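Subject: Structure handover, with notes on what was found

Dear colleague,

I am passing on the structure below, and my notes follow it so that you can read them with the coordinates open. Please set them against your own reading of the fold.

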Amino acid sequence: MIKGVHHIAMYCANEEDEKRVKSFYLDVLGLTIRREWAGGFMIDTGAGLLEIFKNHEGAHEKGIYGHVALETDNVDEIVEKVKAAGYNVFVGPRDAVIASVPEFPIRMAFCNGPLGEEIEFFTER
């Protein structure tokens, strides 16, 4: 049911972080921005995305990684399996449209994994 990692979220604590992220991933590695919105952007790695949030002010409470998003064809079925196994589902499943250019319709849910990590189950609609 899981197809792979869809994206990994990273948080910039300030504008300098954002500049360094863009410099490294775009200029040094030659990757491109796939979509942008007011609070961030997604960088296409060719085998998944880096979701960069640029309005995250202050210290990195959880580190620079926010969550790992696993791509699936059926968010609801995965969530039922996760719940049945006794894991905490703290968001979803729900539909959303990320206000980016172009708009990005999704279905998603979040749970905590066995080490407390945040995992998003994600499908593009």
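Two strands are taken here as paired if DSSP finds at least two bridges between them, and strands themselves are DSSP runs of E with at least two residues, numbered from the N terminus. Please keep in mind throughout that this is a predicted model.

With that in hand, I begin with the hairpin of β3 and β4, which has four residues between its strands and in which G46 takes a positive phi near 90°. Most residues other than glycine have a negative phi, and most peptide bonds are trans. The two strands of this hairpin pair in the antiparallel sense over five bridges, and D44 has L49 of β4 as its bridge partner. On its other side in sequence, β3 is joined to β2 by a hairpin of two residues, and these strands too are antiparallel, with five bridges between them; here I33 stands opposite I43 of β3. Strand β3, which covers residues 40-44, is mostly covered, since four of its five residues are buried.

L49 is also worth following beyond its bridge, for, leaving aside neighbours within four places in sequence, L49 is in contact with H6, H7, I8, R34, M42, I43 and D44. Both L49 and M42 belong to the largest nonpolar core, which has 10 residues and also takes in W37, A69, I98, F104, I106, M108, F110 and F122. Strand β7, residues 104-112, gives the most to this core, with four residues.

Strand β7 is paired on both counts that I looked at. Seven bridges join β6 to β7 in an antiparallel arrangement, with A96 opposite I106 of β7, and seven bridges likewise join β7 to β8, which also run antiparallel, with R107 having T123 of β8 as its bridge partner. Strand β8, residues 118-124, is largely enclosed by the rest of the structure, because five of its seven residues are buried.

I98 is a useful residue to centre the view on. I98 lies in strand β6 and, not counting residues up to four places away in sequence, touches W37, E103, F104 and I106. The C-alpha atoms of I98 and W37 are separated by 8.1 Å, although the two residues are 61 apart along the chain.

I98 also leads to the largest pocket, which has a volume of about 160 Å³. Of the 15 residues that line the largest pocket, E51, F53, I98, I106 and E120 lie nearest its centre. The elements that give two or more residues to this lining are β1 (2-11), β4 (49-53), β6 (89-98), β7 and β8. By class, the lining is made up of 10 nonpolar, two polar and three charged residues.

Two peptide bonds deserve a careful look. The bond from G92 to P93 is cis, with omega near -5°, and P93 is found in strand β6. A cis peptide bond also joins V101 and P102, with omega about -5°; P102 lies in the loop between β6 and β7, where a hairpin joins the two strands through five residues.

V101 has its place in that loop as well, and V101 counts as exposed because its relative accessible area is 67%, where the cut-off is over 50%. Leaving aside neighbours within four places in sequence, V101 is in contact with R35 and E36. V101 and N88 are 13 residues apart in sequence and, from C-alpha to C-alpha, 33 Å apart in space.

Finally, G30 lies in the loop between α1 (15-28) and β2 (32-37). At 51% relative accessibility, G30 passes the same cut-off of over 50% and so counts as exposed. G30 and C12 are 18 residues apart in sequence, and their C-alpha atoms are 20 Å apart in space.

If you have time for one place to begin, I would suggest the cis bond between V101 and P102, and after that the lining of the largest pocket.

With best wishes

Note on methods. Residues are numbered from 1 along each chain as its sequence is written. This is a predicted model: local features need pLDDT of at least 70, side-chain atom pairs count only at pLDDT 80 or more; totals for chains, interfaces and linings use all residues. Side-chain values use heavy atoms; hydrogens and water are left out. A nonpolar core is a set of buried Ala, Val, Leu, Ile, Met, Phe, Trp, Tyr and Cys residues joined through side-chain atoms within 4.5 Å. Buried means under 20% relative accessible area, exposed over 50%, partly exposed in between (1.4 Å probe, protein chains only). Contact means heavy atoms within 4.5 Å. On a 1 Å grid over the protein atoms alone, a cavity is a set of points where a 1.4 Å probe fits but cannot get out, and a pocket is an open set with protein on both sides within 12 Å along at least five of seven lines; lining residues have an atom within 4 Å of a point. Grid points are joined across faces, edges and corners, and a volume is the space filled by probe spheres set on the points. Ala, Val, Leu, Ile, Met, Phe, Trp, Tyr, Cys and Pro count as nonpolar, Asp, Glu, Lys and Arg as charged, and the others, Gly among them, as polar.
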